[in-house]
Structures are given as structure tokens and as C-alpha cells.
Amino acid sequence: MNYYLDVLKKYADFSGRARRQEYWMYTLFQIAAIIVVSILDAVLGTSPWLYALFALGTFLPSLAVAVRRLHDLGKSGWWLLICLVPLVGGIWLLVLLASAGQQQPNQYGQDPKVLAA
């Protein structure tokens with residue numbers, strides 16, 4: 001849960017690097033939260049307003065953590081746009097986001113594993 005809250009605290013911080021664990025734990029909690037909000041939305045009969053409000057509120061933190069994850073690989077945040085390439089773009093982005101980060105410092109900062117230790 002701390003990973004999710006830490007990302008939300010860095011609401012629109014696109015600088016620095018994010019470890020694989022930070023990104024994927026945030027994604028896991030985000031998916032769980034979306035499911036809960038969707039069920040709540042259906043039960044209350046407000047569909048799709050709660051979901052839309054939640055998605056809008058968490059769009060920037062999700063984008064920021066994805067950009068920081070790409071920074072950990074030494075890539076620009078603009079690489080997120082690779083998912084627009086039909087068929088292979090989304091798969092390639094998934095592979096990038098699941099890849100291990102650079103162990104040495106890069107232009108985006110120190111290795112977050114070293115900073116966490």
C-alpha cells in the first residue's frame with residue numbers, strides 16, 4: 001500500500017527514476033482500486049461517473065510513474081507513445097516496463113535500488 005501512496009504523493013513528478021517494484025505494485029493496487037470503484041459505481045447506479053472521476057484523478061500519477069519507470073531504463077518518457085504503434089507497440093512497452101533498470105547512474109539520476117538501501 002505504501003507504494004501506491006508514495007506514487008500519489010509524487011502526483012505530477014516526472015523527474016527521477018522508479019524501480020520495477022514501485023511501478024508494478026502501484027499498477028496492482030490501481031487495478032484493484034478500479035475494480036472496487038467500478039463495483040461501487042454499479043451498486044450505487046452512478047455508472048460511469050465514479051469510475052470516470054477516479055480515472056481522471058489518478059491519470060497524472062499513473063503517467064508520472066510510467067515516465068519515471070522508463071527513466072530507470074535510460075529512456076525518455078516519450079517512449080510511452082510507442083504503444084500507439086499497431087500490434088507491437090503495446091507489447092514492446094510492456095517489455096520495457098518489465099525490464100530491469102540500469103544499475104549505474106544515468107541522466108535521470110541515481111539507481112533507485114542504491115538509494116533505497
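The exercises below, each with a worked solution, go through the predicted model shown above.

This is a predicted model, in which local features need pLDDT of at least 70 and side-chain atom pairs count only at pLDDT 80 or more, while totals for chains, interfaces and linings use all residues. Residues are numbered from 1 along each chain as its sequence is written, and side-chain values use heavy atoms, with hydrogens and water left out.

**Exercise 1. Describe the overall build of the protein.**

Step one is to list the elements: the protein has 5 helices and 0 strands, where helices (H or I, at least four residues) and strands (E, at least two) are DSSP runs numbered from the N terminus. Read from the N terminus, the order is α-α-α-α-α.

Step two is to consider the extent of the chain, whose C-alpha atoms fill a box of roughly 50 × 35 × 20 Å along the principal axes.

Step three turns to burial and contacts. Of the 117 residues, 29% count as buried, where buried means under 20% relative accessible area, exposed means over 50%, and partly exposed lies in between (1.4 Å probe, protein chains only). Among the contacts with a separation of 6 or more, 68% are made by residues 24 or more positions apart, a contact being heavy atoms within 4.5 Å.

Step four is the surface: the accessible area is about 7,400 Å², and 72% of it belongs to carbon and sulfur atoms. Such areas come from the Shrake-Rupley method with a 1.4 Å probe, and for residues only the protein chains shown count as cover.

**Exercise 2. Work out the surroundings of Arg-68 and the salt bridges that involve its partners.**

Begin with the position of Arg-68, which lies in helix 3 (residues 49-72). Its relative accessibility is 1%, and therefore Arg-68 counts as buried. Leaving aside residues up to four places away in sequence, Arg-68 touches several residues, including Val-7, Lys-10, Phe-14, Arg-17 and Glu-22.

Next, look for salt bridges, each being a side-chain nitrogen of Lys or Arg within 4 Å of a carboxyl oxygen of Asp or Glu; the structure holds 4 of them. One of these joins the side chains of Glu-22 and Arg-68, at 3.4 Å from N to O. This pair links distant parts of the chain, since Glu-22 is in helix 2 and Arg-68 in helix 3, 46 residues apart. Glu-22 has a relative accessibility of 10% and so counts as buried.

Glu-22 also takes part in a salt bridge with Lys-10, in which the closest N and O atoms are 3.9 Å apart. Because Lys-10 lies in the loop between helix 1 (2-9) and helix 2, and Glu-22 in helix 2, the pair ties together parts that are 12 residues apart in sequence. Lys-10 is partly exposed, with a relative accessible area of 34%.

Finally, put the pairs together: Lys-10, Glu-22 and Arg-68 are linked in a network of salt bridges.

**Exercise 3. Which parts of the chain does the salt bridge between Arg-17 and Asp-72 link?**

First take the distance, which is 2.8 Å from N to O between the side chains of Arg-17 and Asp-72. Then place the partners: Arg-17 is in the loop between helix 1 and helix 2, whereas Asp-72 is in helix 3, and the two are 55 residues apart. As for burial, both Arg-17 and Asp-72 are buried.

**Exercise 4. Find a nonpolar patch on the surface and examine two of its members.**

The patch is formed by Ile-31, Ile-35, Ile-39, Leu-40, Val-43 and Leu-44, which together have about 600 Å² of accessible area. A patch is made of residues with over 30% relative accessible area and no salt bridge, with nonpolar side chains (Val, Leu, Ile, Met, Phe, Trp, Tyr) joined within 5 Å and like charges within 9 Å.

Now take the two members in turn. Leu-44 is in helix 2 (residues 20-44), and at 54% relative accessibility Leu-44 counts as exposed. Ile-35 is found in helix 2, and at 47% Ile-35 counts as partly exposed. The C-alpha atom of Ile-35 is 9.2 Å from that of Tyr-51, a residue 16 positions away along the chain.

**Exercise 5. Locate the backbone features in the loops.**

Start with the loop between helix 2 and helix 3, where Pro-48 is placed; the peptide bond joining Ser-47 and Pro-48 is cis, with omega about 0°. Continue to the loop between helix 3 and helix 4 (89-98), which holds Leu-87. Leu-87 is not a glycine, yet its phi is positive, at about 70°, and with 80% relative accessibility Leu-87 counts as exposed.
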